[in-house]
Amino acid sequence: MVQTDSPALADNTSEAANVKDYRLTATPKVFLIVAAALIILRVGLTVNEFVNPAAAAASVQWKNAQDFAGSSEPEIVKNSGKKLILYEFYADWCTPCTRLERDVMTNDEIRSTIEKNFVCIRVTDRLKEDGKNARLVADLQKRYRVFAFPTVVAVGLDGESKGTLVGNSSSMAVYRFVSRIINQNK
Amino acid sequence: MWFNRSICKFTIMSACLDPMKLAYVALLGFVVPIGMKLAALYHGASDSQTFEMLTGKVGVSFIMMVLCLGLAGNTTTQSGRGGEYLPLMFSRPISRSEYVFTKWITISIIGGALAALQNLLVCICGYFFGETTSAVGVFSLIIERFLDAGILAAGMLLSMLNKHPVFQIISIVAFYIWMLGQTVPPVSVAGPQIEGVDKLALDATKILLDSSQALGDLVLPGINIYDMINSSRFSILPPVAYFSTLLLYLALAISATNKREFFYGTN
């Protein structure tokens, strides 16, 4: 603090120093207001999303394996029209499966790449609900050693597995997986 | 004033001139994940969950934990870390917000840049094995790593500056719960319906893991830029969740900064 003989000047200087000290130690008010507003908005949006869930975005158009009942896997490969086959092993009760569908398969870049290059077949497990699976579903699960859902298996034109992706991976991991299979099987 | 170049330079030097810290970052940030990627590509396997963790937000937190802890709070003024020279560097006191913002920006840039570099190297490795990542994908990865670094840096700063023992315990527990949520295998095991005690145990585990993921989303929310850019349906909730948490942490960090840090070691 500045030393002075004048009591009035000393008081003013002291007051100025206090003001300066307050500014240095204070949390910016604008900052606090914006933070509080965003937190309130976040709570409101979360409640709104819980009460009024948004409509699902367009996802990959999967064919159902049940539609191929009576066919064997070699016949499916033969009728794929020179496209690779992508099996998605799925179960209705499986939360990671629904997350993969909601978060990853709705990504436009992934969806268009998959639909352009693959015949997409969803193999839905019904073991928990019905106690048994259809013949084709059981055969496919056994052939590709499916032990968890979701599992995505890419199959080449020769009928051999070209790659397997287990679990609800990130969009980037799915895109890398799909692009590698496509580039290696051109 | 929101930014102080002297504090920025001192923070960068403290973070990047310690050989042990750099060795740790090189191993866990680069050698392990890139090695895992190369091994997976060589054998035609897809990315593992551990790899995804090490190249995502968990990887950023691992890099920043060692590189950036001890760069704020009382530890910065201890002798042996250059703290004894700090009073000589400043001709005037600095504001608390200036101190916190400078530290936050510097730590975020260090952590984000290293994690983004790691992600880019992973993309380059994949390219030689047929994996392509679009320009949008690469851009998204870089932005996501900086966003991850930003919120982690704010959380770390808050935990370094608030010395209250109860808060320290809560922050450590919250970090481990978040980490638990990140390590949950994102699969459901195939098999027939189970009953009785086994079902109860399975349901209890599921509730525990779901809770840890929900708590993780609450304390360290993220924004998936790649999905956001490529989605036909835009949701404003993830950005609002991210920035509300970020601003809350920074505001609390400024409030928690005491006189000692505020004057950066001077009386």
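## An unusual backbone spot

R145(A) sits in the loop between α7 (135-143) and β4 of chain A; helices (H or I, at least four residues) and strands (E, at least two) are DSSP runs, numbered from the N terminus. R145(A) isn't a glycine, yet has a positive phi of about 50°. R145(A) is also exposed, with 10 other C-beta atoms within 10 Å. (Counting other C-beta atoms, placed from the backbone, within 10 Å of a residue's own, buried takes 20 or more, exposed 12 or fewer, and partly exposed is in between.)

This is a predicted model, where local features need pLDDT of at least 70 and side-chain atom pairs count only at pLDDT 80 or more, while totals for chains, interfaces and linings use all residues. Residues are numbered from 1 along each chain as its sequence is written, with chains lettered from A and ligands numbered from 1 in the order in which they are written.

## A cis proline

Head along chain A to the loop between β4 (148-149) and β5 (151-155), and you'll find P150(A). The peptide bond from F149(A) to P150(A) is cis, with omega near -5°. Most peptide bonds are trans.

## The nonpolar cores

The largest nonpolar core (buried Ala, Val, Leu, Ile, Met, Phe, Trp, Tyr and Cys residues joined through C-beta atoms within 7 Å) has 47 residues, and M64(B) and L157(B) are among those touching the most other members. Chain A's α2 (29-51) gives two or more residues to this core, as do elements of chain B including α4 (57-68) and α11 (237-256). The top contributor is α11(B), with 12 residues.

A second, separate core of 43 residues includes W62(A) and F118(A).
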